[in-house]
Each structure stands twice: as C-alpha cells, then as structure tokens.
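Me: I have a sequence and a model open side by side. Can we work through the contacts in short questions and answers?

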Amino acid sequence: MDMNRRQIEYEEAIEAFFPGREVISIIPHGSGHINDTFKLEIRQETGGARSCFILQRINTGVFKNPAGIIANHIKLQQEFSARLEDIVVPALLPDRNGEYLFTDQQGGVWRVMEFIPGTHSIELVEEPWQARQAGNAFGWFAGRCSPLDPAEFEEAIPDFHRLSFRLRQLREAVENDHAKRLEQVREVVDFFLQRAGSLGRIEELTNSGEIPLRVVHNDTKINNLLFRERKAVAVIDLDTVGPGSLFYDYGDAIRTGANAVMEDEPDHRKSSLVPWAFEAYTRAYLAQIGSAATPREREFFHLAPVLMTYIMGIRFLADYLNGDVYYKTAYADHNLVRARVQLAFIESLESRASWMQDIITDSLNHFIL
Ligand code: ADP
Ligand code: GN1
Ligand code: MG
C-alpha cells in the first residue's frame, strides 16, 4: 500500500485525544510497514509547555481486532509500570471519553502513545554496541514477559508465525498469480518451496508442547527498539505481543540486526550474516533469558534465524504475487527486493550454521539449570 495514495485525516482523532489544544506540528514518523504513524506536538494550554506524542492510525486490514491489541498493550503496560527500570514500553493515553481507541467518521481507528523523547530507531546495526544493546533490550522484554500467562493475551493475528499457514498463503498466491508476476520470479518461488519440508521442526515441537508457548513480542525487527545515545531504552510496536515462542523473537532480531544490509537492499547479493553482530546480539540476549530457557528450547535456538528469515521471505513473496496488498511499498518491485534479500540471508545463515550453533551453545553454557 502506498501511503501517498491515501489522504489521511487526523484532525478528528487529534480533537478526540486533545480537545481544544493547539497543534504545533504533526509529521509522519518512522518507517513501519503497517500502521500510519505521526509525531504530534501539542501545546497543553495557552502559552503553556509543548508536549510530543505518537498518534497512530491502526491498520485494521492487518489487525482485525484492534480492541484485542489495546487490551494486550494495557496488560503489559500495567505489568511493566510496577517497576522503575531503565528500559520501558510506551504507555497508551486515553481519549476525552477515557477510551484508548478512537474511531473517526471514515472508520479510521486511532490511538495515542507517549512519545519517548530524545530517542531514535535504527534500521541497520553498524556497531557492536548496537547489537549488544538490542539483545539486552529484547532479552529484558522476554524476561519481563516470562511470568505472564499466554492464555491471557489475544493472538493479534492468528497463526502469525505458523510456518504451515504462511506456506499455504504462498502456495495460494502462486496458484492465483493475481498480479501476473509469477513468470518473472519462478526461481525465487522455487528456492523457497524447496526448503518447505526441512523447516517444520519448530512448528512440530510447538504443537506437541515440547517448546513452551510464552508471551513474546512477535515483531522484534531492529527498528522496533528506541535508542537514546548509546543505550536501547524502549521496546515499541507492541501490536503483536502475545502467545508465541522465544525462537520467533530471537530469529527475527537476527534477521534484521545481524544482516550486512537493510531488508530492502536493491543489491541482494550484499545480504549476509555479520558475525560480530550475531555474536554480540546472541550473547546479550541469552544472558538475559538464559536460565529461563528450557532444555528443549536450548537445543533448538540455532534453527530460529533461518526459520524467521524464511517466514518473512515467503510473506514478502506472497504479497508480491498478490499485488502488494499487505505491506507498504515504495516502488513496484519492493516486496520482491525484500524477498530476495531474505533468500540471500538464508544462504548466508546456512553457510555459517555450525559456527552459529557453537556461539549459542557457548552463551547458554554460562547458565546452569
Ligand atoms: P509499525 O507497526 O507500522 O511498524 P511502529 O509502532 O513500529 O509502527 O512505529 C513506527 C516507527 O515510529 C518506529 O519504528 C519508531 O521509529 C517510531 N515510534 C513508534 N512509537 C514511538 C514512541 N512511543 N516514541 C518515539 N518514536 C516512536
Ligand atoms: C512488519 O510493523 P513492522 O514494520 O515493524 C510486520 C512484521 C514483519 C516486518 C518486516 C504486523 O513489521 O511481521 O517482520 O514488517 N508486522 C506485521 O519488515 O505484519
Ligand atoms: Mg514497527
């Protein structure tokens, strides 16, 4: 979806959350693929101080039950705010009726969050401290979520990281060839379908209960962290928080935080595993969650990066074949470029498999069960 094609009417939402307040500025913010995000600056009272907020229009095509994601966010917010910590999750703000969701006359669904000041997100890890900080922050998040009961959280998108579901979607997209793009991407489709059989292990282990269902983030892309100076200080984009596996969070963070290039690098041949970023992230992440991981989880962490890169690759490819109906795209082949980067990253991960496994084992060996 091209954001420019849609006129975004936010006045009504601003009035609902900040009745009568002066709007100093409102500008699109960040580079998420799903929601419409704005940084909003408000003057609290005439001549008074300025405050910034994040205003978001939730993508209800993707999140069919926005009330569910708000309920999850509030649960987390309450749980986390009980402690004073140096990493936070942003708090939601109620509108003039005390509601956390506002629906405008066009059916747009909006929410407001506190703006975490003086921070920025990164799209690419370029220095070891960034990988270390990212691992520490997502590991902190996993640790804080470990006492929570996944049954008490809504599944924001059913079967979100279920491989068999994503493969079915790809196969349907191939069959329908809705956008008539299949011919030009046959070899990419073949690459992904050839690997379909070998990656089902994590789903089997999750289905059988051998790998525990936990409350996890489910979207640990590196730009879903906020950094202040040299520290990761907030975990954001909580829409998908809910039942899942630690492997999803670990794998997706490696996919985006230990790749030499961005997810949509036009020259996909540049996509490869950055060993120092992998090692720094892995050691920091596992240092946070090490003792909470079960023996069975410890055995299979090494499969997570390929699995998650594979899942994202087939999602981008299916969206390309479907005519770009899910992710925001900036140009015609954007989703294909993304899928090719995932393909190249999988090849790179496969070539470093035993080295990665050694780092994981060594990191986990610091924790005696
Ligand atoms: P999407 O689901 O579309 O990815 P996000 O919730 O990740 O939306 O927000 C998009 C971007 O907006 C983030 O990558 C980040 O740069 C910025 N952002 C989101 N929430 C905040 C916040 N509370 N404070 C500061 N920046 C934020
Ligand atoms: C989306 O919302 P954002 O941009 O952080 C997507 C993730 C993908 C990611 C790929 C709800 O994340 O699952 O990994 O794009 N989120 C949803 O960049 O589909
Ligand atoms: Mg995001």
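What follows is a set of questions and answers on a predicted model.

Me: Into which domains is the chain divided?
Reply: The model is predicted, so the picture below is a computed one. The assignment splits the chain in two. The parts are domain 1 (3-114) and domain 2 (128-364).

Me: How far apart do the C-alpha centres of domain 1 and domain 2 lie?
Reply: The two domains are in contact, with 27 residues from domain 1 and 29 residues from domain 2 taking part. Their C-alpha centres lie apart by 27 Å.

Me: What share of the area buried between domain 1 and domain 2 is on carbon and sulfur atoms?
Reply: Together the domains bury about 2,600 Å². On the domain 1 side, His33, Asn72 and Ile87 lose the most area, together 28% of what that side buries. Of the area buried between the two domains, the part on carbon and sulfur atoms is 59%.

Me: Which element gives the largest share of the side of domain 1 that touches domain 2?
Reply: Polar links cross this boundary: 14 residue pairs are in polar contact, and the count of salt bridges is 4. On the domain 1 side, one element supplies 8 residues. That element is helix H2 (residues 66-81).

Me: Which residue does Asp36 meet in a salt bridge at 3.0 Å?
Reply: Asp36 belongs to a salt-bridge network that also includes Arg57. Asp36 falls within the bounds of domain 1 (3-114), and its partner at position 328 within those of domain 2 (128-364). The N to O distance is 3.0 Å. The partner is Lys328.

Me: Is His33 buried or exposed?
Reply: His33 sits in the loop between strand E1 (22-28) and strand E2 (36-43). Its relative accessible area is 14%. Buried means under 20%. His33 is therefore buried.

Me: With which side chain does His33 make a polar contact of 3.4 Å?
Reply: Leaving aside neighbours within four places in sequence, His33 touches a set of residues that includes Glu263, Tyr326, Tyr327, Lys328 and Arg338. The polar contact at 3.4 Å runs from side chain to side chain. The residue at the other end is Lys221.

Me: Which side chain makes a polar contact with that of His334?
Reply: His334 is part of helix H11 (residues 334-351). At 6% relative accessibility it counts as buried. Beyond its neighbours within four places in sequence, it is in contact with Thr329 and one other residue. That other residue also makes the 2.8 Å polar contact: Asp264.

Me: Which residues are the protein donors of the magnesium ion (ligand 3)?
Reply: The donor atoms are an OD1 and an OD, lying 2.2 to 2.3 Å from the ion. One donor comes from the loop between strand E7 (214-216) and strand E8 (225-228), the other from the loop between strand E9 (231-235) and strand E10 (242-244), so the pair ties together parts that are 13 residues apart in sequence. The donors are Asn224 and Asp237.

Me: Asn224 has a relative accessible area of 5%. What is the value for Asp237?
Reply: Asn224 is buried. Asp237 is partly exposed. The relative accessible area of Asp237 is 26%.

Me: How many residues apart are Glu22 and Arg43?
Reply: Their side chains meet in a salt bridge at 2.9 Å, N to O. Glu22 is partly exposed, at 42% relative accessible area. Glu22 lies in strand E1 and Arg43 in strand E2, so the pair links distant parts of the chain. The separation is 21 residues.

Me: Is Glu183 buried or exposed?
Reply: Glu183 forms a salt bridge with Arg186, the closest N and O atoms being 3.5 Å apart. Arg186 is partly exposed, at 40%. Glu183 has a relative accessible area of 62%, and the cut-off for exposed is over 50%. Glu183 is therefore exposed.

Me: What is the closest N and O distance between Glu265 and Lys270?
Reply: Glu265 is buried, at 17% relative accessible area. Lys270 is partly exposed, at 47%. They form a salt bridge, and the structure holds 23 salt bridges. The closest N and O atoms of Glu265 and Lys270 are apart by 3.9 Å.

Terms used: Residues numbered from 1 in each chain as written. Chains lettered and ligands numbered in written order. Predicted model: local features only at pLDDT ≥ 70, side-chain atom pairs only at ≥ 80, totals over all residues. Heavy atoms only, no water. Donors = N, O, S within 2.8 Å, 3.2 Å for Na, K, Ca; no water. Helix = DSSP H or I, 4+ residues; strand = E, 2+ residues; numbered from the N terminus. Buried < 20%, exposed > 50% of the residue type's maximum accessible area, 1.4 Å probe, protein only. Domains from an automatic or database assignment. Contact = heavy atoms within 4.5 Å. Buried area = accessible area lost by both parts, 1.4 Å probe. Polar contact = N/O pair within 3.5 Å; in protein donor to acceptor, adjacent residues only side chain to side chain.
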